[in-house]
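Reader: I am new to protein structures and would love some help. Could you walk me through how to read one, feature by feature?

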Amino acid sequence: MTDYNNRIGMGSFFEGPFYSHTTGYSPKEMADALDHLDTNIEELGPFDGVLGFSQGAALALSYLYQQQVRGEPMPFRFFLSFSSVIPFSADVGYCQDIIQRLYALQWDVTAPANPPVLTGDERLFCDVLLRTVIAAKEKGAALPEYSMDVYNNDDGSKAPRVMHAQLLEEKVQIPTVHVRGKRDFDFMHSMSDIAYGMCEEKLTRKLEHSGGHQPPQQDAEVRSVIRAMEWAISQSERTPRHHL
């Protein structure tokens with residue numbers, strides 16, 4: 001894990017040190033992070049479910065999706081996501097054609113993504129970057145930091161692959177609960193919406209509390225989250241085993 005002593009949103013509550021689950025977001029770096037998570041699951045499990053906050057929620061979602069599309073056993077029956085950031089893929093083949101096109105065009109991914117020279121999927125990919133990663137960088141909240149020039153260099157193998165339901169093959173098929181703060185940054189709302197959209201709608205609950213980038217603090221809001229958790233646990237007991 002990487003040490004970040006000035007982690008945004010945390011310094012107001014704790015002295016640190018603060019750590020990142022990844023050293024970066026390239027497919028190789030994400031694969032290393034998911035392998036590390038997998039090792040911990042094997043060593044410390046079994047588990048019934050997984051709860052993740054912020055980057056941890058995004059990493060858990062990336063892991064669940066990878067396990068599902070590979071046909072690997074699901075180590076969790078339900079997923080509780082709090083203030084998820086944007087998930088990244090460890091699959092170097094995911095969106096590779098889009099990234100190669102952006103490289104061929106030497107496209108500035110920080111520019112508006114609506115010109116006719118881009119395809120629909122290319123515009124979507126760039127729009128996701130603009131609304132999430134680039135917006136977070138403007139607030140100093142993109143950690144680990146990386147340059148957007150990576151989308152214009154070499155073969156694109158090191159370019160982070162932002163995940164989005166419209167660019168993926170399927171949706172995560174276990175019960176999930178997504179919680180976010182009303183007063184969180186706009187780019188965080190975009191990120192959590194994307195994470196929510198990656199999950200099967202009929203197996204998903206979405207809640208918003210009155211705070212910011214943190215778990216809910218008000219008693220009534222905590223009780224609402226607990227009820228949603230209980231729903232997810234109950235649904236997980238009914239989910240057909242072929243989904244798991």
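Reader: How many helices and strands does the protein chain have?

Author: In this predicted model, the secondary structure of the protein chain comes to six helices and six strands. A good habit is to read the elements in order. Starting at the N terminus, they run β-β-α-β-α-β-α-α-β-α-β-α.

Reader: Which radius of gyration does the protein chain have, and what would a compact globule have?

Author: The idea here is to set the chain beside a simple rule. A compact globule of 244 residues would have a radius of gyration near 18 Å, and the protein chain has 18 Å, so the two agree. You can also picture a box: along the principal axes, the C-alpha atoms fill roughly 50 × 45 × 35 Å.

Reader: What share of the residues is buried?

Author: Buried residues make up 51% of the 244 residues in the protein chain. Contacts tell you something further. Taking those with a separation of 6 or more, 74% are accounted for by residues 24 or more positions apart.

Reader: Can we try this on single residues? Is tyrosine 65 buried or exposed?

Author: Let us begin with where it sits: tyrosine 65 lies in helix H2. Its relative accessibility is 8%, and the cut-off for buried is under 20%, so tyrosine 65 counts as buried.

Reader: Which residues is tyrosine 65 in contact with, leaving aside its neighbours within four places in sequence?

Author: They are Met163, Leu168, Glu169, Glu170 and Val172. Sequence and space can also be set side by side for a pair of residues. Tyrosine 65 and threonine 204 are 139 residues apart in sequence, while their C-alpha atoms are 15 Å apart in space.

Reader: Now a residue in a loop, please. Where does glutamine 173 lie?

Author: Glutamine 173 is in the loop between helix H4 (120-138) and strand E5 (176-181). With 16% relative accessibility, glutamine 173 counts as buried, because that value falls under the 20% cut-off.

Reader: What does the side chain of glutamine 173 make a polar contact with?

Author: Its partner is the side chain of glutamate 200, at 3.2 Å.

Reader: How do people find empty space in a model like this?

Author: Rolling a probe the size of a water molecule over the atoms shows where empty space is left. Here, the count comes to one cavity of 30 Å³ or more. About 50 Å³ of space lies in the largest cavity.

Reader: Which residues line the largest cavity?

Author: The lining consists of Ser81, Ser83, Ser84, His178, Val179, Arg180, Ser192, Lys206 and Leu207. By character, they divide into two nonpolar, five polar and two charged. Both E5 and strand E6 (204-209) supply at least two residues of this lining, and E5 gives the most, with three.

Reader: And pockets? How much space lies in the second largest pocket?

Author: About 460 Å³ of space lies in the second largest pocket. Its lining has 21 residues, of which His21, Ala33, His36, Leu37 and Leu59 lie nearest the centre.

Reader: Which elements each supply at least two residues of that lining, and which gives the most?

Author: Helix H1 (27-44), strand E3 (49-53) and helix H2 (55-69) each supply at least two residues. H1 gives the most to the lining of the second largest pocket, with eight residues. You have met H2 already, as the helix that holds tyrosine 65.

Reader: How do the residues of that lining divide by character?

Author: In the lining of the second largest pocket, eleven are nonpolar, eight polar and two charged.

Terms used: Residues are numbered from 1 along each chain as its sequence is written. This is a predicted model: local features need pLDDT of at least 70, side-chain atom pairs count only at pLDDT 80 or more; totals for chains, interfaces and linings use all residues. Side-chain values use heavy atoms; hydrogens and water are left out. On a 1 Å grid over the protein atoms alone, a cavity is a set of points where a 1.4 Å probe fits but cannot get out, and a pocket is an open set with protein on both sides within 12 Å along at least five of seven lines; lining residues have an atom within 4 Å of a point. Grid points are joined across faces, edges and corners, and a volume is the space filled by probe spheres set on the points. Helices (H or I, at least four residues) and strands (E, at least two) are DSSP runs, numbered from the N terminus. Ala, Val, Leu, Ile, Met, Phe, Trp, Tyr, Cys and Pro count as nonpolar, Asp, Glu, Lys and Arg as charged, and the others, Gly among them, as polar. Buried means under 20% relative accessible area, exposed over 50%, partly exposed in between (1.4 Å probe, protein chains only). A polar contact is a pair of N or O atoms within 3.5 Å; within protein, one must be able to donate a hydrogen and the other to accept it, and residues adjacent in sequence count only if both atoms are side-chain atoms. The radius of gyration is taken over C-alpha atoms; the globule rule is 2.2 Å times the number of residues to the power 0.38. Contact means heavy atoms within 4.5 Å.
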